[in-house]
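Please open the model in your viewer and keep the selection panel at hand. The tour below moves from one selection to the next and says what is found at each stop.

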Amino acid sequence: MPMQQRKRKWKLGLPSSRAIRRDAGAGISLGLVSIPDGLAAGILTGVSPLAGLYGYLVGTVTGALTTSSVLMSVQATGAMAVLIADVPEIRSPATAESALVTLAVMTGAVMLILGVFKLGTLVRFVPNAVLTGFISAVAVNIVLGQLGGITGYTSDASNRLGRAVDTVIHVAAFDGPTFLVGLATIGLILILEKTPLGPLGLFAAVVVSSAAVALVPLESVQQLRDIAEIP
C-alpha cells in the first residue's frame, strides 16, 4: 500500500502533455491580456502606464514563488486603482512615484499581517449586497474617470461626477477621431469576446485599433508614446 501511494504521488508530480498544453495556453492568454490591462491600470491610477505594466511583471513572479495555490491570478484591481487615484500626492508629478511606492509597501504589509493572523475569513461575513454595491460603484467610477480619454475633451471640474456632467454638456467639443476610435474599440471587444477568441478578444481589439491608429495618420488621437516612453 505505501508503494502504491508513492507511485501515485510520483505520477501526479509529472504533468501530462495535455496539461502542459492547457497550462501554456492559459499562461499565454493571461499574459497577452495582461499587457493592455496593466497599461490601463496605470492610466486609471493616474500614474505612468509603465507602473501598471511593471506591477504585473513583478507581481506575477513574486506571487508564483510565494504561494502554492493553482488558482492564483495576479492582476490589478479597479477598486484599488480608483482609491489610489484619489490620493492627492499621486496626482502631483513631483510626489507620485514616492507616494506609489509607499502605498504599495503599506498595502503589502497590511495584507501580510492579515494573512498571518488568518483574518481573511472575515470577508465571509460581508453580505453579497454590500459587495455588489461596492463593485457597481467602482465600475461607475471607472467609467466616469475615462470619459475624457474616450472623448478627447478635458474638463476642469474638481471631481469625477462634475467632469462627467461637464463632458456630456460639451459634446460639440469632442475630438471626432478619438471618439470614433474609442467606440470602435469597445464594439470590437464586445464582438470578439463572443467568438472563439474568448478572453483574447480584448487583446485582439486593442491590437487592431492600435494598428489602425498607427497606420492612419490621426494626429489628434493620443497614443501610448505620447504619454510614456517604453524602453
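**First stop: T151**

Select T151 and display its contacts (heavy atoms within 4.5 Å): leaving out residues up to four places away in sequence, T151 touches T167, F174, D175, T178 and F179. Before going further, note that this is a predicted model, in which local features need pLDDT of at least 70 and side-chain atom pairs count only at pLDDT 80 or more, while totals for chains, interfaces and linings use all residues. Residues are numbered from 1 along each chain as its sequence is written, and side-chain values use heavy atoms, with hydrogens and water left out.

T151 belongs to helix α8, residues 147-151, where helices are DSSP runs of H or I with at least four residues, numbered from the N terminus. Is T151 buried or exposed? T151 counts as buried because its relative accessibility is 3%, buried meaning under 20% relative accessible area with a 1.4 Å probe and protein chains only. Now add Y153 to the selection, since the side chain of T151 reaches the backbone nitrogen of Y153 at 3.3 Å.

**Second stop: helix α4**

Select residues 78-85, which form helix α4, and colour A79, A81, V82, I84 and A85, which are buried. To see what covers these buried residues, show the surrounding elements, including α2 (17-45), α5 (88-91), α6 (96-116), α7 (128-145) and α9 (160-168).

**Third stop: G201**

Move to G201, which is found in helix α11, residues 200-215, and which is buried, with a relative accessible area of 0%. With neighbours within four places in sequence set aside, G201 is in contact with L192 and E193. Select L188 as well: L188 and G201 are 13 residues apart along the chain, and their C-alpha atoms are separated by 7.8 Å.

**Last stop: the whole chain**

Zoom out to the full chain, which has twelve helices and zero strands, and whose C-alpha atoms fill a box of roughly 80 × 40 × 40 Å along the principal axes. Of its 231 residues, 20% count as buried. Among contacts between residues at least 6 apart in sequence, 49% join residues at least 24 apart.

Finally, colour by pLDDT, the predictor's confidence in each residue from 0 to 100: the chain has a mean of 84, and 94% of its residues reach 70 or more. Confidence is lowest in helix α1 (residues 2-12), at a mean of 50, and highest in helix α10 (residues 176-192), at 93.

Technical notes. Helix = DSSP H or I, 4+ residues; strand = E, 2+ residues; numbered from the N terminus. Buried < 20%, exposed > 50% of the residue type's maximum accessible area, 1.4 Å probe, protein only. Polar contact = N/O pair within 3.5 Å; in protein donor to acceptor, adjacent residues only side chain to side chain.
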